[in-house]
Amino acid sequence: MMRARQLGVQAELPNVMITAGTSQAIDLVIRHLLKPGDTVFVEDPGYYTVFGLLRLHGVKLVGIPRKADGPDVDVAEAMLREHRPKLFIINSVLQNPTGSTLSPPVAFRLLELARRHGFVFLEDDIFADLQADPTARLATLDQMEHVIYVGGFSKTVSASLPVGYLIAKRELVHDLTNVKMLTSVGGSRFAEAVVTTLLERGAYRKYVERLRQRIGDSVIASLDVLSDAGWEVFHHPPGGNFLWARVPHVEDSRDLAAVAEKHGVTLAPGHYFRPNMEVSPWVRINSAYVNEPRALAFLKEAGRRPARKRA
């Protein structure tokens with residue numbers, strides 16, 4: 001609760017549920033709130049694992065373009081004239097894959113749409129601790145009236161310690177706890193104990209401070225490398241793991257993935273990050289690997305790649 005309150009989310013124990021990572025939290029919400037044929041708004045581009053999970057449940061995905069300051073509110077409002085979504089899934093801070101962060105004006109407008117049209121936001125804040133100076137979340141501004149907030153530790157401590165949490169209205173947390181008991185019984189007591197110890201002893205705070213500095217330095221260096229190689233970057237994030245980048249004259253990033261493969265680099269084409277697998281010129285770059293020799297060779301060759309249109 002202390003971590004949530006630091007962001008301005010006023011939660012008490014009955015508002016909180018511990019989960020086996022944010023993925024389980026999102027899955028529980030989808031299982032409980034949605035049924036086949038329902039419509040969900042998602043960000044375009046966004047997190048492909050969530051898209052796959054929604055398709056698995058037979059849900060219709062409607063993509064809302066992600067801009068540097070959050071989802072395009074004008075497009076969302078226009079889409080609300082055609083669709084009645086039950087849920088809008090958003091990655092507010094250091095968004096995967098663009099690295100962009102929701103601005104307060106956009107957050108206010110999005111919440112106004114939720115109030116007028118009766119849908120709920122599922123706010124995935126998995127990268128919260130990688131942000132040095134916290135900004136407003138939807139949950140901060142709304143206090144759980146139209147927002148379900150999820151967070152976790154997999155992006156900071158380890159993906160091998162799947163510990164997350166969900167904050168929502170008390171009655172919803174009660175219902176989701178029942179769903180969790182039916183589907184997984186419980187989480188890992190060992191993983192939860194490790195994370196609890198790190199938090200209680202202050203080791204987590206000190207570790208994250210060092211991690212932010214290392215990641216920030218990595219992002220700055222990566223931006224320089226991409227610029228020198230002729231790449232265009234969607235947004236210059238202050239931290240986080242990801243950069244969303246393109247080679248200006250390449251229309252389909254599958255061409256870039258083919259070049260990367262020749263250099264022994266695995267690269268996910270941009271269409272993986274789009275709700276309905278639409279062609280994209282963009283790719284997600286992990287700043288931690290940009291200065292490795294194979295990555296440097298790929299980035300330089302790709303930046304010189306001639307334009308080619310697919311049939």
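Two cavities of 30 Å³ or more are found inside this structure, which is a predicted model. How do we know about empty space at all? Rolling a probe the size of a water molecule over the atoms shows where such space is left.

Here are the two cavities side by side.

| Cavity | Volume | Nonpolar lining residues | Polar lining residues | Charged lining residues |
|---|---|---|---|---|
| Largest cavity | about 100 Å³ | six | four | two |
| Second largest cavity | about 30 Å³ | three | five | no charged residues |

Let's walk around the largest cavity. Its lining includes Val 42, Glu 43, Gly 46, Tyr 47, Val 50 and Phe 51. Further along the chain, Ile 89, Ile 90, Asn 91, Gln 95, Asn 96 and Asp 124 also belong to that lining. Which elements give two or more residues to it? They are strand 2 (39-44), helix 3 (48-56) and strand 5 (87-90).

The second largest cavity is lined by Leu 94, Gln 95, Gly 99, Phe 127, Gly 239, Gly 240, Asn 241 and Phe 242. You may spot Gln 95 here again, as this residue lines the largest cavity and the second largest cavity too.

Some residues in these linings also have a story to tell about the backbone. Most residues other than glycine have a negative phi, and most peptide bonds are trans. Leu 94, part of the lining of the second largest cavity, has a positive phi, near 50°. You will find Leu 94 in the loop between strand 5 and helix 5. Pro 97 sits in the loop between strand 5 and helix 5 as well, and a cis peptide bond with omega of about 20° joins Asn 96 to Pro 97. Asn 96 is one of the residues lining the largest cavity. Another cis peptide bond links Asp 44 and Pro 45, with omega of about 5°. Pro 45 belongs to the loop between strand 2 and helix 3.

Now let's turn to the helices. Two packed helices are described by the angle between their axes and the distance between the axes. Take helix 4 (residues 73-80) and helix 5 (residues 104-117): their axes come within 10 Å and cross at roughly 10°. Angles under 35 degrees count as roughly parallel, so helix 4 is roughly parallel to helix 5. On the helix 4 side, Val 73, Asp 74, Ala 76, Glu 77 and Leu 80 take part in the contact. They meet Val 106, Arg 109, Leu 110, Leu 113, Arg 116 and His 117 of helix 5. By class, this contact has six nonpolar, one polar and four charged residues.

What is the angle between helix 2 (residues 21-33) and helix 7 (residues 170-184)? These two pack at about 105°, with their axes 10 Å apart, which means that helix 2 is roughly perpendicular to helix 7. Gln 24, Leu 28, Val 29, Arg 31, His 32 and Leu 33 are the helix 2 residues in this contact. Their partners in helix 7 are Leu 172, Asp 175, Leu 176, Val 179, Lys 180, Thr 183 and Ser 184. Here the residues divide into six nonpolar, four polar and three charged.

Finally, let's step back to the whole chain. The protein chain has eleven helices and eleven strands. Its C-alpha trace spans about 55 × 50 × 35 Å along the principal axes. With 311 residues, a compact globule would have a radius of gyration near 19 Å, and the 20 Å of this chain therefore agrees with that expectation.

Methods:
Residues numbered from 1 in each chain as written. Predicted model: local features only at pLDDT ≥ 70, side-chain atom pairs only at ≥ 80, totals over all residues. Heavy atoms only, no water. Axes fitted to C-alpha atoms, helices over the stretch in contact; angles between N-to-C directions. Helix = DSSP H or I, 4+ residues; strand = E, 2+ residues; numbered from the N terminus. Parallel < 35°, antiparallel > 145°, perpendicular 65-115°, else oblique. Contact = heavy atoms within 4.5 Å. Nonpolar A, V, L, I, M, F, W, Y, C, P; charged D, E, K, R; others polar. 1 Å grid on protein atoms, 1.4 Å probe; cavity = no way out; pocket = protein on both sides within 12 Å on 5 of 7 lines; lining within 4 Å. Points joined across faces, edges and corners; volume = space filled by probe spheres on them. Rg over C-alpha atoms; globule rule 2.2 N^0.38 Å.
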